[in-house]
Amino acid sequence: MIEKLIEGFDTTRFQIDLIEWYNKYKRDLPWRKDQDPYKIWVSEIMLQQTQVDTVIPYFQRFIEQFPTPKALAEADEQDVLKAWEGLGYYSRARNLHTAVKDVVIRYNGRVPNDGKQLLTLKGIGPYTRGAIMSIAFNEPYPAVDGNVMRVFSRVLKIEDDIAQAKTRRLFEKVVGKIISKENPSAFNQGIMDLGATICTPKSPQCLLCPVQSHCRAYAEGIEQWLPVKSKAKKKKRISYISLLIQDEHGQIMIEKRPNEGLLANLWQFPMIPIKEVCLKHLPKYVYEKYGIHIRLENKQGELRHVFTHLIWDIEIFQAKTTDKVENDRLKQVSQEALADYPFPVPHQKMMQYI
DNA sequence: AAAACGGGGAA
DNA sequence: TTCCCAGTTTT
């Protein structure tokens, strides 16, 4: 059934047209300066669900700070999270940290040139395995992401719903057939660049496309209707009150989030679901949860933060205390010391209200 | 198969 | 507002 999709498709000519275009127009990106599999790996993890322009400065700082798997393996998790701060999907950073420790122990610090072994490492799934194998080791593995599915859904007029998990497997089979066996690195990166610069989600630049003559969607004028993707469900909304609690020296209370789930092990200002308590009972609630007495002061502002699957609506209040706490997950720190802890973006925004 | 998991930029 | 982005893990 894959054969049916590729019937009449000039694979060899497609490979040539794509790779020639890539060699001429490839983007100058910091992780393309050499073929160090560690750097390819870090870049691929950062690039998951994250755009190139966002990743570039993070990548450069990260490689400077952790130049080798060994350097990263020996780092504290909090320092790794701090380097990741603001990039999102923090489990990527924790999984990468776990995985490089594995690489140091099991493979003597060398990223394995082996598809099966790569897949056993935390945070490396089918896409990242394919990207590392093809880009760093020039092995013909498909690396199918949203970009690749968009390009090939148009070129081959594939109308399966790309929101379905099994559709990715279909595209992996297709790319496995079409990928250049001589230069899989340029082929895969060529598709990525094509998807990023020409074959974009809206208003693709078909007139500039190096594989226009191969594209079935273009031939039929239906490129804007592909790929097919079903709608996501509605986001859940949660309201919170967040407290900027200062003691008589101006020290501010922060808490560490649980070690699993949303924003695991990042720090935040105490945050109370509004559903669980009304304003009047807030000090009592805070005493029961955090063990300190507070005097509630003025509301400082509010903010909204939108995640993939939910929305936080946060009201920000100032508060005062004279009590002291100090443990693993609860601290009172100076305003300057806040910079030493990894905070999610909504709580970074809160700092301006102090 | 579906849900959880961040954040920013573009239309 | 809505959608998209070089996805993986957990349930």
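## A strand pairing to start with

Let's begin with a pair of facing residues: Ser242 stands opposite Met271 in strand E4. Keep in mind as you look around that this is a predicted model. The pairing belongs to strands E1 and E4, which are joined by three bridges and run antiparallel. E4 covers residues 271-273.

E1, which spans residues 236-246, also pairs with strand E6, residues 310-320. Here 11 bridges do the joining, and E1 and E6 run parallel. Want a spot to find on screen? Look for Gln246, which stands opposite Lys320 in E6.

## Two helices that cross

Now over to the helices. Two packed helices are described by the angle between their axes and the distance between the axes. For helix H10 (residues 146-155) and helix H11 (residues 165-178), the angle is about 70° and the axes are 11 Å apart. Angles of 65 to 115 degrees count as roughly perpendicular, so that is the label for H10 and H11.

Which residues make the contact? On the H10 side they are Val148, Met149, Phe152 and Ser153, while H11 brings Arg168, Phe171, Val175 and Ile178. Sorted by class, this contact has six nonpolar residues, one polar and one charged.

The loop between H10 and H11 holds Lys157. Check the backbone there: phi of Lys157 is near 50°, a positive value in a residue other than glycine.

## Around DNA strand C

How many residues surround DNA strand C? There are 28, and the closest are Gln49, Gly123, Asp145, Asn147 and Arg150. On the DNA side, sugar and phosphate account for 68% of the strand C atoms that come within 4 Å of the protein. Helix H3 (37-47), helix H9 (126-135) and H10 each supply at least two residues of this surface. By class, the residues near strand C split into 11 nonpolar, nine polar and eight charged.

A few atom pairs are worth zooming in on. Gln49 has a backbone N or O atom 2.6 Å from a phosphate oxygen of DNA strand C, and a backbone N or O atom of Thr128 sits 2.9 Å from a phosphate oxygen of that strand. With Arg27, the partner is a base: a polar side-chain atom of Arg27 lies 2.9 Å from a base nitrogen of DNA strand C.

## Around DNA strand B

DNA strand B is surrounded by 21 residues, and the closest are Tyr89, Tyr90, Leu262, Leu263 and Thr308. Sugar and phosphate make up 61% of the strand B atoms that come within 4 Å of the protein. The surface near strand B has nine nonpolar, 10 polar and two charged residues.

Gln49 turns up here again, with a backbone N or O atom 2.8 Å from a base nitrogen of DNA strand B. What does the backbone of Tyr89 meet? A polar backbone atom of Tyr89 is 2.8 Å from a sugar or linking oxygen of strand B. For Leu262, a polar backbone atom is 3.0 Å from a phosphate oxygen of DNA strand B.

## A cis peptide bond

One last backbone detail: Leu226 and Pro227 are joined by a cis peptide bond, with omega about 0°. To find Pro227, go to the loop between helix H13 (216-220) and E1.

Note on methods
Residues numbered from 1 in each chain as written. Chains lettered and ligands numbered in written order. Predicted model: local features only at pLDDT ≥ 70, side-chain atom pairs only at ≥ 80, totals over all residues. Heavy atoms only, no water. Axes fitted to C-alpha atoms, helices over the stretch in contact; angles between N-to-C directions. Helix = DSSP H or I, 4+ residues; strand = E, 2+ residues; numbered from the N terminus. Parallel < 35°, antiparallel > 145°, perpendicular 65-115°, else oblique. Contact = heavy atoms within 4.5 Å. Nonpolar A, V, L, I, M, F, W, Y, C, P; charged D, E, K, R; others polar. Pairing = 2+ DSSP bridges. Near = heavy atom within 4 Å. Polar contact = N/O pair within 3.5 Å; in protein donor to acceptor, adjacent residues only side chain to side chain.
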